[in-house]
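Here's a quick tour of one protein structure, written for someone just getting started. Have a look at the model first, then work through the notes below.

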Amino acid sequence: MSKILIVDDNPNNIQLLATVLSSNNYDIEYAESGYDAIDLFKDQRFDLVLMDVLMPGIDGFETTRIIKEKYCKRNIPFIFVTANTDTDSITKAFKLGGVDYITKPFNEAELLARVETHISLFNLRLQLQELNNTLEKKVEERTAELTAANIQLKGLDNAKNEFLDIISHEIRTPLNGIIGFSSLIKSSIDDENILPMFDYLEKSQKRLEDFSTKALIISDLRTKRENALSKDSINISTLIEQIYENENNKKEYKDKGIHFNTKIEEPVLFADLYFIKILFETLLINALKHSKPDSSIEVETYAENNMINIKINDGGNGFPEKILNSKSSYFVSEHIDNNPGLDLFLCQLIVHTHNGTMELYNDKGAVVKISMPALE
């Protein structure tokens, strides 16, 4: 039941208002002066106040001001009851926070309609405030949970990177000894039945060494932020041609007779030279490895929408559907035999660290398209 305070120095007015309101299921309290009304607010709560304007001592305006300033924290509705309908009185009532006014003599139906409307609005505001408080509390709790989870994830990510770093170093130490001794033993063996075994051993050693090296680079990248990169202007054309010449002169690629065609429209990229060199080395080595004899590797760069686009198209059989349809990171380097590796994952990580994107698709051969910001 809503509780209404009637403030009026005329007992007849109080009795009339109380009779109408109590018969409509409102709980009524009254005060015959502004001072009495202020005292009631010290220890009671009301849902609406009917405030007479003209009273001896302090008038309804001053009474309202004091109550709102000292005791009324819920912003309850004040309806002024007045015989004055001049603009100044009405304006003053609204400035003091009044929501409505009723003129004397009042109409019973009008009084009930206005009281019911403002109590309903007041209750809706309370419900909305309670809902907001509940939502704010839930948001705070959820934020705390997410913060704790994020801290835990960061800890796990750091532990994972540290573990990867340790494993990579632990692999390299004994691996160096294995490589050295196997080369020494191979040089002293003439048995043609055993030599192929050493060739396979060398390939396995190289693959393990390559994994260890890339794992260290990935660990380094995962701990770096974009603003921690050492960025500089890089001539893409010069870098790619140097890498191609160095790799193509190696015995395993030289005899394949692979042609190299470039179309460099945008030669400068602002990025970290160390990681960009690893990126292009990885992509070009894979392109040379998977291109068919006497085929071509096409490299194209162009600017579009403030991005530098770099496309490397090899002369091989293309990526298998399993890789193209993968929604996860590309943990595959051997796109012909589908052996797992770190090459494309490493390339993707380098590109993402530079705020770029990497896309895989087939166009005659396999195509890797990289888009990176043109400017710092």
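**A small cavity and what surrounds it**

Strand 4 (78-82) and helix 4 (87-95) each chip in at least two residues to the lining of the second largest cavity. Keep in mind that this is a predicted model. From that cavity we'll move on to a pocket, and then to a strand with neighbours on both sides.

**The cavity**

- Search the whole structure and you get two cavities of 30 Å³ or more.
- The second largest cavity has a volume of about 30 Å³.
- Which residues line the second largest cavity? They are V53, F61, F80, T82, S89, I90, A93 and Y101.
- Helix 4 gives the most to this lining, with three residues.
- Sort the lining of the second largest cavity by class and you find six nonpolar residues, two polar ones and no charged ones.

**The pocket**

- The second largest pocket holds about 240 Å³ of space.
- There are 17 residues lining the second largest pocket, and S296, E298, N313, D314 and D363 are the ones nearest its centre.
- Four strands each supply at least two residues of this pocket's lining: strand 7 (259-264), strand 9 (296-304), strand 10 (307-313) and strand 12 (365-373).
- Strand 9 provides the largest share of the pocket lining, with four residues.
- How does the lining of the second largest pocket divide by class, into how many nonpolar, polar and charged residues? The split is two nonpolar, eight polar and seven charged.

**Strand 1 and its surroundings**

- Why is strand 1 (residues 3-7) described as largely enclosed by the rest of the structure? Five of its five residues are buried, so the rest of the structure largely encloses strand 1. Buried here means under 20% relative accessible area.
- Both faces of strand 1 are covered, with K3, L5 and V7 buried on one side and I4 and I6 buried on the other.

**Who strand 1 pairs with**

- Strand 1 runs parallel to strand 2 (residues 27-31), and five bridges join the two.
- Pick out V7 and you'll find its bridge partner in strand 2 is A31.
- Strand 1 also runs parallel to strand 3 (residues 48-52), this time with four bridges joining them.
- Over in strand 3, V49 stands opposite L5.
- Put strand 1, helix 1 (residues 11-22) and strand 2 together and you have a right-handed β-α-β unit.

Note on methods: Residues are numbered from 1 along each chain as its sequence is written. This is a predicted model: local features need pLDDT of at least 70, side-chain atom pairs count only at pLDDT 80 or more; totals for chains, interfaces and linings use all residues. Side-chain values use heavy atoms; hydrogens and water are left out. Buried means under 20% relative accessible area, exposed over 50%, partly exposed in between (1.4 Å probe, protein chains only). Two strands pair if DSSP finds at least two bridges between them. A crossover is right-handed if, with the strands pointing away from the viewer, the path from the first strand over the helix to the second runs clockwise. On a 1 Å grid over the protein atoms alone, a cavity is a set of points where a 1.4 Å probe fits but cannot get out, and a pocket is an open set with protein on both sides within 12 Å along at least five of seven lines; lining residues have an atom within 4 Å of a point. Grid points are joined across faces, edges and corners, and a volume is the space filled by probe spheres set on the points. Ala, Val, Leu, Ile, Met, Phe, Trp, Tyr, Cys and Pro count as nonpolar, Asp, Glu, Lys and Arg as charged, and the others, Gly among them, as polar.
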